[in-house]
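Subject: Structure for you, with notes

Hi,

Here is the structure I promised to pass on. Have a look at it first, then read my notes underneath.

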Amino acid sequence: MVLTFLNLVVLSGILVGLTEGAIRAVREKYTGDVIITAPREKQFIENSPRVIRTIESFPEIESYTARYTEGGTAEANYKTPGRETDISEKVATTFAGIDPIKEDQTTGLSNLLIEGTYLEADDFDQVMVGALLLKRFLDFESELFLTLEDVYVGSKIRVNIGDVTREVTVKGILKSKVDEIDRRIFFSDKQFRTLVGREDFNVDEISMKVVSGVDPVTVKEGLIASGIKGFATVQTYEDAQPKFLKDIQQTFRLLGNIVSSLGLVVASITIFIVIFINAITRRKFIGILKGIGINGQAIEFSYIFQSFLYAVVGSTIGITITYTILVPFFQKYPINFPFSDGILVAPPLEVGISAVLLIITTIIAGYIPSRMIIRKNTLDSILGR
Amino acid sequence: MITIENLYKTYVTGDIETKVLQGVHLNIEDGEFLAIMGRSGAGKSTLLYQISLLDEPTSGTIHIGGIETSTLSNKERVAMRLNMMGYIFQDYALIPELTAVENVMLPLIMRGDTKEAAHTEAVRSLKEVGLADRVNNLPSQLSGGEQQRVSVSRAIAHHPKILFADEPTANLDAESAKTVLELLTRLHKERKQTTIMITHEREYADYAERLVQIANGVVDSDERIDGRK
């Protein structure tokens with residue numbers, strides 16, 4: 001019964017956790033709790049300094065990071081003879097100019113370094129490259145997913161942003177399973193501003209981390225109320241989730257429910273068989289008990305209680321294992337799925353519902369066979385006819 | 001008093017009809033110790049099942065204490081079995097997971113006794129059958145004779161008016177059989193409950209006051225036993 005319960009909770013929990021892991025990663029590593037972006041019709045967040053001053057006036061905001069972004073291309077091995085025209089050596093990407101310290105405080109970007117060292121504010125012509133831009137970190141090939149070959153820490157790459165072309169050195173390589181990081185190239189904002197002509201300090205994204213316990217919605221509403229809506233779009237991490245991720249999560253939740261339903265069917269069949277075998281092998285004793293005047297309903301109740309006990313004990317042990325072992329374990333050692341670090345999602349309400357469903361199903365599954373056996377003629381049961 | 005009139009019982013299996021009881025007439029006085037004998041298939045056990053309300057006759061009537069049993073609902077039959085009757089089965093029929101005292105407590109608790117009261121009464125009943133030192137033993141830890149004495153204890157613990165014993169010595173050696181029969185005789189003398197016992201052995205029937213022989217589904221002979229053991 002413990003395994004049945006875990007089957008109900010863990011399988012669907014991991015399915016949901018797969019997307020939850022992705023959503024959590026996007027929140028922690030990219031959007032923060034609240035993100036401000038340029039309105040659709042604008043190129044960047046106008047009046048960014050004013051917006052930033054507003055953000056700094058919110059005590060609920062623990063930290064923030066402002067990013068400049070610009071599209072462009074990056075090339076590698078452009079000095080190697082004979083490879084000048086190789087289109088696979090040129091990738092389209094988004095360049096981001098960041099304040100390395102603020103970015104790290106807000107999204108922990110330095111923790112995502114898998115090679116090299118983290119960017120510093122005064123670094124010039126040095127970049128951190130997302131791993132998905134490099135062929136050696138991509139385990140598939142696609143015409144649509146171009147990558148750079150033979151790029152390591154210390155390699156020179158050429159970046160083209162608008163009319164500007166520069167040769168920069170790879171200082172670090174980042175890997176996060178969040179596309180907005182793994183498909184980007186990061187500069188220090190000091191150089192990037194000059195590179196893209198943003199001396200007005202107008203940025204493209206501002207991610208914020210709110211103080212623990214504060215609802216991001218409250219902060220979002222506060223920012224909107226402060227009058228920055230005219231220059232920027234304010235979203236919580238939930239609003240900013242890509243629609244496909246929401247759809248996948250819904251789909252996995254549905255799949256999880258289907259798996260859980262199958263688990264319930266398996267549980268009910270298991271209990272039916274257990275109780276049926278138990279009752280059929282004790283048919284003679286049931287007959288004797290009825291014979292000496294024990295009420296059939298009392299015997300039925302004992303079997304129902306037995307089923308109930310199986311379910312309650314199984315669920316209790318299952319819940320204990322879930323919250324004391326499995327959830328902390330998967331938090332610490334997430335499952336390494338290709339697009340996310342899968343965790344175990346087990347909201348208490350849903351786990352409680354699963355336990356109640358299991359108990360109800362088990363009681364019904366226990367009642368039916370006991371009723372079947374107990375309804376048999378008393379004398380036939382005693383004589384084994 | 002138990003009055004049986006023109007009792008028939010026919011078992012039907014598919015197309016085959018087996019007429020077991022074919023018009024039994026019998027009166028059993030309150031407090032009587034009756035032995036029923038007969039060859040295998042004569043109908044003695046079937047007769048016991050009808051009187052003890054474990055089965056329903058095909059036709060005929062049974063009156064117990066003036067109540068016509070065919071008019072009773074299933075619930076009333078269960079209640080009558082629990083309150084008025086005690087059963088001793090030939091294979092003891094003890095619940096293997098329960099200790100001797102717990103087996104005896106079972107019908108007492110079902111009658112509504114508290115656990116404490118049932119325990120006290122069950123221990124007293126086990127003492128009465130000479131098993132004071134075996135109350136906490138499981139059936140598997142008792143000999144056949146001891147198990148049957150637990151079965152007797154369970155049957156009498158609630159002071160039934162009628163005690164049914166279906167070949168209570170069938171699985172016992174001669175020594176244990178004698179112990180159980182002497183116990184039944186003593187209990188009958190002390191309590192004066194009606195006792196109806198099925199047996200194959202003429203020697204064992206001598207422990208009763210009256211012997212009814214069944215043959216071919218009817219009462220073949222009905223005699224008082226002189227020189228009861």
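Below is what turned up, going from chain B to the interface and then to a piece of chain A.

One thing to keep in mind throughout: this is a predicted model.

Chain B first. It has 229 residues, and 54% of them count as buried. Its secondary structure comes to seven helices and 10 strands. If you take the contacts in chain B between residues at least 6 apart in sequence, 70% join residues at least 24 apart.

Helix 3 of chain B, residues 100–110, is worth a click. Its buried residues are B:Ala100, B:Val101, B:Asn103, B:Val104, B:Met105, B:Pro107 and B:Leu108. What do they pack against? Three other helices of chain B: helix 2 (74–84), helix 4 (115–128) and helix 5 (144–156). Just past the end of helix 3 you'll find B:Gly112, with a positive phi of about 110°.

Now the interface. The size of an interface is often given as the accessible area lost when the parts come together. For chain B and chain A that comes to about 1600 Å², with 69% of it on carbon and sulfur atoms. Chain B puts 19 residues into the contact and chain A puts in 17.

On the polar side of things, the rule finds two salt bridges across the interface. One to pull up is A:Arg282 with B:Glu97, whose side chains meet at 2.7 Å, N to O. There are also four residue pairs in polar contact across the interface, with both residues at pLDDT 80 or more. Helix 3 of chain B comes back here: helix 2 and helix 3 each supply at least two residues of the side of chain B that touches chain A. Sorted by type, the residues on that side are 14 nonpolar and five charged, with no polar ones.

Last, strand 6 of chain A (residues 156–161), which has partners in strand 2 and strand 7. Strand 2 (residues 61–75) runs antiparallel to strand 6, and three bridges join them. In that pairing, A:Thr73 stands opposite A:Asn160. Strand 7 (residues 164–174) is also antiparallel to strand 6, joined by six bridges. There, A:Ile161 of strand 6 faces A:Val164 of strand 7. Strands 6 and 7 form a hairpin with two residues between the strands, and A:Gly162 in that hairpin has a positive phi near 60°.

Shout if you'd like to go through any of this together.

Cheers

How values were computed:
Residues are numbered from 1 along each chain as its sequence is written. Chains are lettered from A and ligands numbered from 1 in the order in which they are written. Side-chain values use heavy atoms; hydrogens and water are left out. Buried means under 20% relative accessible area, exposed over 50%, partly exposed in between (1.4 Å probe, protein chains only). Helices (H or I, at least four residues) and strands (E, at least two) are DSSP runs, numbered from the N terminus. Contact means heavy atoms within 4.5 Å. Buried area is the accessible area (1.4 Å probe) that two parts lose on being put together, summed over both. A salt bridge is a side-chain nitrogen of Lys or Arg within 4 Å of a carboxyl oxygen of Asp or Glu. A polar contact is a pair of N or O atoms within 3.5 Å; within protein, one must be able to donate a hydrogen and the other to accept it, and residues adjacent in sequence count only if both atoms are side-chain atoms. Ala, Val, Leu, Ile, Met, Phe, Trp, Tyr, Cys and Pro count as nonpolar, Asp, Glu, Lys and Arg as charged, and the others, Gly among them, as polar. Two strands pair if DSSP finds at least two bridges between them.
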